[in-house]
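Subject: Handing over a structure, with notes

Dear colleague,

I am passing on the structure below, and my notes on it follow. Please keep it open beside you as you read.

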Amino acid sequence: MSASQNVTALVGKTAQLNCRVRNLDDRTVSWVRHRDIHLLTVGIDTYTSDQRFVASNYPRTEDWTLQIKYPQQRDSGTYECQVSTTPPIGHSMHLAVVEPVTTIVGSPELYINRGSTMNLTCVVRHSPEPPSSIFWTHNHQEINYDSPRGGVSVITEKGEITTSYLLIQRAQSSDSGDYTCHPSNANSQKISVHVLNGEYPAAMQHGGQLKLGNPPFVIFLALLLGIFIYDH
């Protein structure tokens, strides 16, 4: 007998556990959930009221499969493929049902100086596989990287953690607004960007990008730098 070891599935997307049984003869294959020692299936018959669990055997093959439709995180745990020998032979495997998490660095608000380069960084974690695509929108309109405005590009690095960088050069007031990162297999995430003309003295500047800071601290920092902040 051979079987899956560790299986990772996405919330809501069918999970599949595989078990290969040789020389089965007239014996049966069952699937058992360890959490509550619950018999789920025998052969291709389901023995639970939860109809999300479906067993199948491809004709003339040694492969037995347990499908869990619309899995949730509570379905995570150990499952056993069991053959009705005396004593029974079993093989356990662990299922992890994960929900990808999307974040944008600096959200929910980002302040940036006019004329500087805007760098929005979207990070997707806990995805069983990298998203096939990530697209960005600005005020609910998909961003056109070939627009006459120019200077807009995106770089996506896929892996266990997938990162998409939206780069906008020479930021203008018209670039203010809501930007949303849309991964194909994870939740969307939004950030509100404000392009300033330097009129916000109580903002902290870092590499051209600004985030609101604590005004007393900003004043203290400004004094250390020899910068005078005038109260208009």
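A good place to begin is Met118, whose bridge partner in strand 17 is Ile168. Please bear in mind throughout that this is a predicted model.

The bridge between Met118 and Ile168 belongs to the pairing of strand 13 with strand 17, which is antiparallel and extends over seven bridges. Strand 13 also pairs with strand 11 (residues 101–104), again in the antiparallel sense, and here four bridges join the two; one residue to look at in that pairing is Val101, whose bridge partner in strand 13 is Arg125. As a reminder, strands of a sheet pair through backbone hydrogen bonds, and they may do so in either the parallel or the antiparallel sense. How much of strand 13 is buried? Six of its eight residues are, so strand 13 is largely enclosed by the rest of the structure.

Within strand 17 (residues 162–168) I would draw your attention to Ser164. Ser164 has a relative accessibility of 0%, and because of this value it counts as buried. The side chain of Ser164 is joined to that of Trp136 by a polar contact of 3.1 Å. Leaving aside residues up to four places away in sequence, Ser164 touches Leu120, Thr121, Cys122, Ile134, Trp136, Val154, Ile155 and Thr156, so that Trp136 appears both in this list and in the polar contact just described.

Cys122, one of the residues that Ser164 touches, leads on to the disulfides. The count for the model comes to two disulfides, and a disulfide, to recall the general point, is a covalent bond between the sulfur atoms of two cysteines.

One of them joins Cys122 to Cys181, with a sulfur-to-sulfur distance of 2.0 Å, and, with -75° about the S-S bond, this link is left-handed. Cys122 lies in strand 13 (residues 118–125) and Cys181 in strand 18 (residues 177–183), so the pair ties together parts that are 59 residues apart in sequence. Are these two cysteines buried or exposed? Cys122 counts as buried because its relative accessibility is 0%, and Cys181 is likewise buried, with a relative accessible area of 0%.

The other disulfide is formed by Cys19 and Cys81, whose sulfur atoms are 2.0 Å apart. The torsion about the S-S bond of Cys19 and Cys81 is about -80°, and the disulfide is therefore left-handed. Since Cys19 lies in strand 3 (residues 15–20) and Cys81 in strand 9 (residues 77–83), this pair ties together parts that are 62 residues apart in sequence. Both Cys19 and Cys81 are buried. If the bonded cysteines of the chain are numbered in sequence order, the pairing reads 1-2, 3-4.

Strand 9, which holds Cys81, is also part of an open sheet of six strands, in which the order is 2-10-9-4-5-6 and the pairing is mixed. Strand 2 (6–10) and strand 6 (45–46) are the edge strands of this sheet, each of them pairing on one side only. Between strand 4 (residues 29–33) and strand 9 the pairing is antiparallel and runs over five bridges, and there Ser30 has Gln82 of strand 9 as its bridge partner.

With best wishes

Note on methods: Residues numbered from 1 in each chain as written. Predicted model: local features only at pLDDT ≥ 70, side-chain atom pairs only at ≥ 80, totals over all residues. Heavy atoms only, no water. Disulfide = S-S within 2.5 Å. Buried < 20%, exposed > 50% of the residue type's maximum accessible area, 1.4 Å probe, protein only. Polar contact = N/O pair within 3.5 Å; in protein donor to acceptor, adjacent residues only side chain to side chain. Contact = heavy atoms within 4.5 Å. Pairing = 2+ DSSP bridges.
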